[in-house]
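This report describes the fold of one protein chain and some of its side-chain pairings. The sequence and the structure are shown first.

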Amino acid sequence: SKLENILFTKELQARADNAGRKLTAVTLHPGAVQTDLARYLIGEEKAEKLKKEGFSSWTEKVLFEGLAKLVLTVEEGASTQVFLAAGQGGSGIGGKFFDDCKEAALQPSATDMAKAKELWTVSETLTGAKFSL
């Protein structure tokens, strides 16, 4: 989930800082992006049929074209990742959360460093992998 991504990123940044590593870990929300992921919601077969044959009903047409107006293009969805990867977020952004190329405020549950550490420990236990900096 997004909460776990945020907590994991915060813990990674904390560990990098404690190890004296020059590493910047950030997390972000790309927005609702127009991708082929809908195939998991409507089924692979229906998604392929829509691609090849178009809409089978007026209702489908209205629904899918309406939803398409609410989502970002892939390029728009990638803008925050590109912005941050290009170093445009500035210094001191490690562990931060971004939305639409701006730092976004987080709920207290997403800044709980005890939970972030616990998530890291549980992740190592479940995967059997240790990640040391």
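The text below goes from the overall fold to the sheet, then to the aromatic rings and the salt bridges.

**Overall fold**

The model is predicted, and the values given here were computed from it. The protein chain has 6 helices and 3 strands. In sequence order, these elements follow the pattern α-β-α-α-α-α-β-β-α. Of the 133 residues in the protein chain, 20% count as buried. The protein chain exposes about 9300 Å², and carbon and sulfur atoms supply 57% of that area. Among contacts in the protein chain with a separation of 6 or more, 67% are between residues 24 or more positions apart.

**The sheet**

The 3 strands form an open sheet in the order β1-β2-β3, with mixed pairing. Strands β1 (27–29) and β3 (102–103) stand at the edges; each has a single partner strand, so one side of each is left without a neighbour in the sheet. Strands of a sheet pair through backbone hydrogen bonds, which may be parallel or antiparallel in arrangement. Here β1 runs parallel to strand β2 (residues 97–99), and 3 bridges join the two. Within this pairing, L28 stands opposite F98 in β2.

Helix α1 lies across β1 and β2, and runs at about 155° to β1. Helix α1 also supplies residues to both kinds of side-chain pairing described next: F8 to an aromatic pair, and R15 and E11 to a salt bridge.

**The aromatic cluster**

How many aromatic pairs does the structure hold? The count is 2 aromatic pairs. In one of them, the ring centres of F8 and W120 lie 4.6 Å apart with their planes at 15°; an angle under 30 degrees counts as stacked, so this pair is stacked. The pair links distant parts of the chain, since F8 belongs to helix α1 (residues 2–18) and W120 to helix α6 (residues 113–127), 112 residues apart.

Is W120 buried or exposed? At 2% relative accessibility, W120 counts as buried. Its partner F8 is partly exposed, at 33% relative accessibility.

W120 also pairs with F131: their ring centres are 6.1 Å apart and the planes stand at 55°, so this pair is tilted. W120 is in helix α6 and F131 in the segment after α6, so the pair ties together parts 11 residues apart in sequence. F131 is partly exposed, with 46% relative accessibility. Through these ring pairs, F8, W120 and F131 are linked into a cluster.

**Salt bridges**

Side chains of opposite charge can pair when their charged atoms come close. The structure has 5 salt bridges by the rule used here. The table lists some of them, including one from helix α1 and one from helix α6.

| Residue pair | N to O distance |
|---|---|
| R15 and E11 | 2.8 Å |
| E118 and K115 | 3.5 Å |
| E124 and K130 | 3.5 Å |

R15 and E11 both lie in helix α1, where 4 residues, about one turn of the helix, separate their positions. E11 is buried, with a relative accessible area of 6%. R15, its partner in the salt bridge, is partly exposed, with a relative accessible area of 25%.

E118 and K115 are in helix α6; being 3 residues apart, they are separated by about one helical turn. Both ends of this bridge are partly exposed: E118 has 43% relative accessibility, and K115 has 44%.

Which residues of the bridge between E124 and K130 are buried, and which are exposed? E124 is buried, with a relative accessible area of 13%. K130 is exposed, with a relative accessible area of 64%.

**Summary**

Helix α1 lies across β1 and β2, and its residue F8 pairs with W120 of helix α6. W120 is buried and also pairs with F131 in the segment after α6. Salt bridges join R15 to E11, E118 to K115 and E124 to K130.

How values were computed. Residues numbered from 1 in each chain as written. Predicted model: local features only at pLDDT ≥ 70, side-chain atom pairs only at ≥ 80, totals over all residues. Heavy atoms only, no water. Phe/Tyr/Trp six-rings, centres within 6.5 Å; stacked < 30°, edge-to-face > 60°. Buried < 20%, exposed > 50% of the residue type's maximum accessible area, 1.4 Å probe, protein only. Salt bridge = Lys/Arg side-chain N within 4 Å of Asp/Glu carboxyl O. Contact = heavy atoms within 4.5 Å. Areas by Shrake-Rupley, 256 points an atom, 1.4 Å probe, with all protein chains shown as cover. Pairing = 2+ DSSP bridges. Axes fitted to C-alpha atoms, helices over the stretch in contact; angles between N-to-C directions.
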